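Here is a set of questions and answers on one chain. Look over its sequence and its model before reading on.

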Amino acid sequence: MRVLVVEDEAPLADAVARGLRRQGMSVDVAYDGDDGFGKAIRAGYDVLVLDRDLPGMSGDDICRAVTAKTPTRVLMLTANSTDTARASGLRHGASDYVTKPFAFADLVQRIRALAPPPTGND
C-alpha cells in the first residue's frame, strides 16, 4: 500500500511515516501543502494522510482536488476536533477524519480500511 503523509510538523510527519513503514506500507512525506499536492497528483497513492492547516496550499483544497482527480482516499489528521470541522472535512472529500492526539494503532487500522482491496497481483 502506498501512503503519502502531508503534515507540516516534521517530527510528527516523520514519526507517522516510520511507524507506517514498520507496518509494511510504502510511505512518502511532504511538509507543506504545495509539495503534498504535487506528490499526491503525480504519484498514485492509495491513501493520503492529510493535515488541514498547512503552509502553502490548504489541506481542504488538496482534499477537494485530489479526490476529484484521483482514486486516492483521504484521511484527514488534524487538531481541529469540532463537529463542524469534521463535517467540513468530509464534505471536502475526506473518507475519514482523525483528530490529534490520536492512537497510532487506530490510525493504522483506519488507513488499512481505506486502502483498495488486493487485486491478486500483489
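Q: How many of the six residues of β4 are buried?
A: This is a predicted model, and the answer is computed from it. Buried here means under 20% relative accessible area. β4 is mostly covered, and its buried residues number five of six.

Q: Through which helix does the chain cross from β3 to β4, in a right-handed β-α-β crossover?
A: β3 and β4 pair in the parallel sense. Four bridges hold this pairing. The crossover between the two strands is right-handed, and the helix on the path is α3.

Q: Which residue in β4 is the bridge partner of Val49?
A: Val49 also has a partner in β3's pairing with β1: it is the bridge partner of Val5. In β4, the partner of Val49 is Leu75.

Q: Which residues does Leu75 contact, leaving aside its neighbours within four places in sequence?
A: Contact means heavy atoms within 4.5 Å. The list includes Leu48, Val49 and Leu50. It also takes in Asp96 and Val98. It is completed by Leu107, Arg110, Ile111 and Leu114.

Q: How many residues has the largest nonpolar core?
A: In soluble globular proteins, nonpolar side chains tend to be buried together. Val3, Val5, Leu20, Val49, Leu75 and Ile111 have the most contacts inside this core. β1, α1, β2, β3, β4 and α5 (104-114) each supply at least two of its residues. The core has 18 residues.

Q: How many residues are in another core, lying apart from the largest?
A: Leu4, Tyr45, Leu50 and Met76 are among its members. This core has 16 residues.

Q: What is the strand order of the open sheet?
A: The sheet has five strands, with parallel pairing. β2 and β5 (96-99) stand at the edges, each with a single partner strand, so one side of each is left without a neighbour in the sheet. Neighbouring strands are turned by 20 degrees against each other on average, direction ignored. The order is β2-β1-β3-β4-β5.

Q: Why is β1 largely enclosed by the rest of the structure?
A: β1 is joined to β2 by five bridges. It is joined to β3 by four. β1 is largely enclosed because, of its five residues, the number buried is four.

Q: Which residue of β3 stands opposite Val6?
A: β1 and β3 run parallel. On the other pairing of β1, Val3 has Val27 in β2 as its bridge partner. Opposite Val6, in β3, stands Leu50.

Q: At about what angle does helix α1 run to β2?
A: α1 covers residues 10-22 and lies across β1 and β2. With these two strands α1 makes a right-handed β-α-β unit. Its angle to β2 is about 170 degrees.

Q: Which residues of helix α2 are buried?
A: α2 spans residues 33-43. The cover over its buried residues includes β1, β2, β3 and α3. The buried residues are Gly33, Gly36, Gly38 and Ala40.

Q: Which residue caps the N-terminal end of α2?
A: At that end, a side-chain oxygen lies 3.0 Å from the backbone nitrogen of Asp34. Beyond the helix comes Gly44, with a positive phi near 70 degrees. The capping residue is Asp32.

Q: Is Arg52 buried or exposed?
A: Arg52 sits in the loop between β3 and α3. It touches residues including Ser58, Met76, Thr78, Ser88, His92 and Tyr97. The relative accessible area is 12%, and the cut-off is under 20%. Arg52 is buried.

Q: With which side chain does the side chain of Arg52 make a polar contact?
A: The distance is 2.7 Å. The partner is Asp60.

Q: Which helix makes a right-handed β-α-β unit with β4 and β5?
A: β4 and β5 pair in the parallel sense over four bridges. Within that pairing, Thr78 has Thr99 in β5 as its bridge partner. The helix, residues 83-91, is α4.

Q: Which residue does a cis peptide bond join to Lys100?
A: Most residues other than glycine have a negative phi, and most peptide bonds are trans. Here omega is about -5 degrees. The partner lies in the loop between β5 and α5. The residue is Pro101.

Definitions and conventions. Residues are numbered from 1 along each chain as its sequence is written. This is a predicted model: local features need pLDDT of at least 70, side-chain atom pairs count only at pLDDT 80 or more; totals for chains, interfaces and linings use all residues. Side-chain values use heavy atoms; hydrogens and water are left out. Buried means under 20% relative accessible area, exposed over 50%, partly exposed in between (1.4 Å probe, protein chains only). A polar contact is a pair of N or O atoms within 3.5 Å; within protein, one must be able to donate a hydrogen and the other to accept it, and residues adjacent in sequence count only if both atoms are side-chain atoms. Two strands pair if DSSP finds at least two bridges between them. Axes are lines fitted to C-alpha atoms, for helices over the stretch in contact, and angles run from 0 to 180 degrees between N-to-C directions. A crossover is right-handed if, with the strands pointing away from the viewer, the path from the first strand over the helix to the second runs clockwise. A nonpolar core is a set of buried Ala, Val, Leu, Ile, Met, Phe, Trp, Tyr and Cys residues joined through side-chain atoms within 4.5 Å.
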